[in-house]
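Student: Please take one helix of this model and look at it closely, then work outward from there to the rest of the chain. I would like one connected account rather than a list.

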Amino acid sequence: MTTSTLPAPSLAKEIALLAVLATLWGASYTFIKIGVETIPPVTFIAARTLIAGGLLLAIIKLRGLSLPRGPAIWKRFLIQACINSVVPFTLIAWAELTVNAGLATILNSTTPIFAFLLTVLITRHEAVTARKLFGVVAGVIGISLIIGLEAFHGVGKEVLAQLAIVAATISYAAAAIFGRGFKGLDPMMPAAGSLLCGAVLLIPVSLVVDQPWTIVPSTHSILALLGLSIFSTALAFVIYFRLIHTLGSVSTTSQAYLRVPIGVGIGVLFLGESLNPTAWIGLVCVIAGVAAMTLPTRRRAAITAG
């Protein structure tokens, strides 16, 4: 049986999971930056999808469940793999050969904007409200204030790499909308299915392009690969597919705004870094933006607050 048996979700729990997802994906840029130092991007991402997909498959088996078998659902898994892992993962990994992790985070944090625009222009599956529009604007302003405009000085120096990250961001936005089609499945099913499809697509390319048997990765790169695969991919994907159905695709992509302030907070707590007054104002803007895009527009009975 593969259908989800989750109880009616608590709004507080879903918001907490949104923050966890933002933290896991916020850390992924640093993992990738370290990993591609000694592991070529295609091989790095092929290994990422294989390890994460294999881990989720093992957990599914331990739970006494099995992946769906119908060709229609696997076709959907394949499409999800392309737009949520194969294309964006590879583009970002390639881009981070020359673009620093901070700038990659900034550029990729625009996912909610593209999800909002795709919703407005194409799918119209969620209500387009003034509150969500405010959330988009507040999030962008907040990130600009937190990072400081000087962080954008690198924009244009590596145009192709930066455009690759923007393309990955659009792909993520499309994936969040497409992922709504897995409603009713246990979140582990589309997570595992799409990652395994991604591995099937990427491994042959890796064998031809990179000849991975000739690679001598550093210990740091291997550890980064494991951290990325286990935490920022396997665990993150399960949370991601859950949130798409409990909060909606646009609201789920709003976690992109949280990646930056969470990273800043870690620096303040553990590295002794400081924030200027403008950054604190930016943090307030981000929180306001996420709240505006996340709080449900449907009747509160749909998600209880307990």
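Tutor: In helix α4, the buried residues are Ala101, Leu103, Ala104, Thr105, Ile106, Leu107 and Asn108. That is seven of the eight residues of α4 (residues 101-108), so this helix is largely enclosed by the rest of the structure. The model is a predicted one, and the account below should be read with that in mind.

One of the buried residues of α4, threonine 105, leads to a part of the chain far along the sequence. Threonine 105 and tyrosine 257 are separated by 152 residues in sequence, yet their C-alpha atoms are 9.5 Å apart. Tyrosine 257 belongs to helix α11 (residues 255-270). Its relative accessible area is 1%, so tyrosine 257 is buried.

The setting for α4 is a chain built from helices: there are 12 helices and zero strands. Of the 306 residues, 48% count as buried. Among contacts with a separation of 6 or more, 91% are between residues 24 or more positions apart. The chain exposes about 13800 Å², and carbon and sulfur atoms supply 72% of that area.

Glutamine 80, in helix α3, is another buried position, with a relative accessibility of 0%. Leaving aside residues up to four places away in sequence, glutamine 80 touches Ser85, Ala175, Phe178, Gly179, Phe182, Ser194, Tyr240 and Phe241. One of these, Ala175, is also among the buried residues of α7. Others buried in α7 include Ala161, Gln162, Ala164, Ile165 and Ala168. The length of α7 can be checked as well. Its 20 residues, at 1.5 Å a residue, should span 28 Å, and the end C-alpha atoms are 29 Å apart, which agrees.

Charged side chains also join separate parts of the chain. Side chains of opposite charge can pair when their charged atoms come close. The structure holds two salt bridges. In one, the side chains of arginine 242 and glutamate 14 meet, at 2.7 Å from N to O. This pair links distant parts of the chain, since arginine 242 sits in helix α9 (residues 219-246) and glutamate 14 in helix α1 (residues 11-35), 228 residues apart. Both partners are under the 20% cut-off for a buried residue: arginine 242 has a relative accessibility of 15% and counts as buried, and glutamate 14 is buried with a relative accessible area of 0%.

The other salt bridge is formed by aspartate 186 and arginine 63, with the closest N and O atoms 2.7 Å apart. Aspartate 186 is in the loop between α7 (159-178) and α8 (188-209), and arginine 63 is in the loop between α2 (41-62) and α3 (71-95), so the pair ties together parts that are 123 residues apart in sequence. Here the burial of the partners is as follows: aspartate 186 counts as buried at 10% relative accessibility, whereas arginine 63 is partly exposed at 42%.

The cysteines can be dealt with briefly. A disulfide is a covalent bond between the sulfur atoms of two cysteines, and the structure holds zero disulfides. For cysteine 82, the nearest cysteine sulfur is that of cysteine 197, 8.3 Å away. Seen from cysteine 197, the closest cysteine sulfur is likewise the one in cysteine 82, and 8.3 Å is too far for a bond. Cysteine 82 is partly exposed, with a relative accessible area of 28%, while cysteine 197 counts as buried at 10%.

On the surface, Leu50, Ile203, Val205, Leu207, Val208, Val209 and Trp213 make a nonpolar patch of about 680 Å². Helix α8 gives the most to this patch, with five residues. Valine 208 lies in α8 and counts as exposed, at 66% relative accessibility.

The loop between α8 and α9 holds glutamine 211. Most residues other than glycine have a negative phi. Glutamine 211 is not a glycine, yet its phi is positive, about 45°. At 39% relative accessibility, glutamine 211 counts as partly exposed.

Notes: Residues numbered from 1 in each chain as written. Predicted model: local features only at pLDDT ≥ 70, side-chain atom pairs only at ≥ 80, totals over all residues. Heavy atoms only, no water. Salt bridge = Lys/Arg side-chain N within 4 Å of Asp/Glu carboxyl O. Helix = DSSP H or I, 4+ residues; strand = E, 2+ residues; numbered from the N terminus. Buried < 20%, exposed > 50% of the residue type's maximum accessible area, 1.4 Å probe, protein only. Patch = residues over 30% accessible without salt bridge, like charges linked within 9 Å, V, L, I, M, F, W, Y side chains within 5 Å. Areas by Shrake-Rupley, 256 points an atom, 1.4 Å probe, with all protein chains shown as cover. Contact = heavy atoms within 4.5 Å. Expected span 1.5 Å × (residues − 1). Disulfide = S-S within 2.5 Å.
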